[in-house]
Amino acid sequence: MEVRAKKSLGQHFLTDLSVARGIVDALVTDGYPETSGGGRFETLEVGPGMGVLSRYLLEREDIDLKMVEIDRESVDYLLVNFPKAAGRILQADFLKLDLESFFKERFLIIGNFPYNISSQIFFKILDCKENVPQVVCMIQKEVAERIAEKPGTKTYGILSVLLQAWYDIEYLFTVGEGAFNPPPKVKSAVIRLKRNSRVSLGCDEKLFKAIVKNAFNQRRKTLRNSLKPMVSAKAEREGWQEGQLAEFISAPVFGLRPERLGVDDFIRLTLLLS
């Protein structure tokens, strides 16, 4: 029995077992407080497909594995070929899953993320960042580089800032097209995200996100222009006269483009615009 790769689901099945082993070995449990499950760490595999990671994850005694898979054909394949997967698979759309009701404690995430929804997966992870101390995943190489990138480059962007605000990110290794069936048209990469020590941004988190998104959505503009509506809203709230507004936007930060700002810079900018 084989599973047909479905373009609509962005499926490219990893077939290189050495790469699969490397991904699974990158998930570490040292240093995390034990869960109530007999010292095993609850772990969610996103999109197990034909079980190339699952085969190794199911062997690990330090994790309590659960899997979420949207494709019924893949679920049937896993149940036939991996008896240990019985009772561990939830057929559902990860993006619609209520993770807080599914997991009562902190949990780890691992998977070969569908490239067409990888950004959405990361935004969902950010929504429950307090309960997800580590993520190991394979994604498109370009996206991996963007996420791990530091300020000052053209690839640095929205996901870079929002994820780096809460996670330390490691680019682990690159995976070629030949490791998959069918081969994707792009190279892939494996990254690891570990929750950092930040407990609060110290500013309005909703406004922080809005500023980051607005700035990078017009990344060729200086912040003085891309954030003009937010600056105007601030001026209106404060009842500023024209001279006060001009003085405010003369601050050096507003003459920069967003890729020049690190996480702490965006936090200070958010406080300025609050």
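This report describes a sheet and the helices around it in a predicted model.

## Basis

Residues are numbered from 1 along each chain as its sequence is written, and side-chain values use heavy atoms, with hydrogens and water left out. Because the model is predicted, local features need pLDDT of at least 70 and side-chain atom pairs count only at pLDDT 80 or more, while totals for chains, interfaces and linings use all residues.

## The sheet

Seven strands (DSSP runs of E, at least two residues, numbered from the N terminus) form an open sheet with mixed pairing, in the order β4-β3-β2-β5-β6-β9-β7. Two strands pair if DSSP finds at least two bridges between them. β4 (89–91) and β7 stand at the edges with a single partner strand each, so one side of each has no neighbour in the sheet. Direction ignored, neighbouring strands are turned by 20 degrees against each other on average.

β7 and β9 run antiparallel and are joined by eight bridges. D168 stands opposite K194 in β9.

## Helices on the sheet

Helix α3 (residues 72–81; helices are DSSP runs of H or I, at least four residues) lies across β3 (63–69) and β4, at about 160 degrees to β4. Angles run from 0 to 180 degrees between N-to-C directions, with axes fitted to C-alpha atoms, for helices over the stretch in contact (heavy atoms within 4.5 Å). Helix α5 (residues 118–127) packs on the sheet and touches β2 (41–46), β5, β6, β7 and β9. The direction of α5 makes about 165 degrees with that of β6.

## Helix α1

V19, A20, I23 and V24 of helix α1 (residues 17–25) are buried, meaning under 20% relative accessible area with a 1.4 Å probe, protein chains only. They cover an arc of only 135 degrees around the axis, which puts them on the same side of α1; the arc is that of the directions from the helix axis to the C-beta atoms. The buried residues of α1 pack against β1 (13–14), α2 (54–57), β5 (108–112), β6 (134–140), β7 (167–175) and β9 (188–195).

Terms used. Buried means under 20% relative accessible area, exposed over 50%, partly exposed in between (1.4 Å probe, protein chains only).
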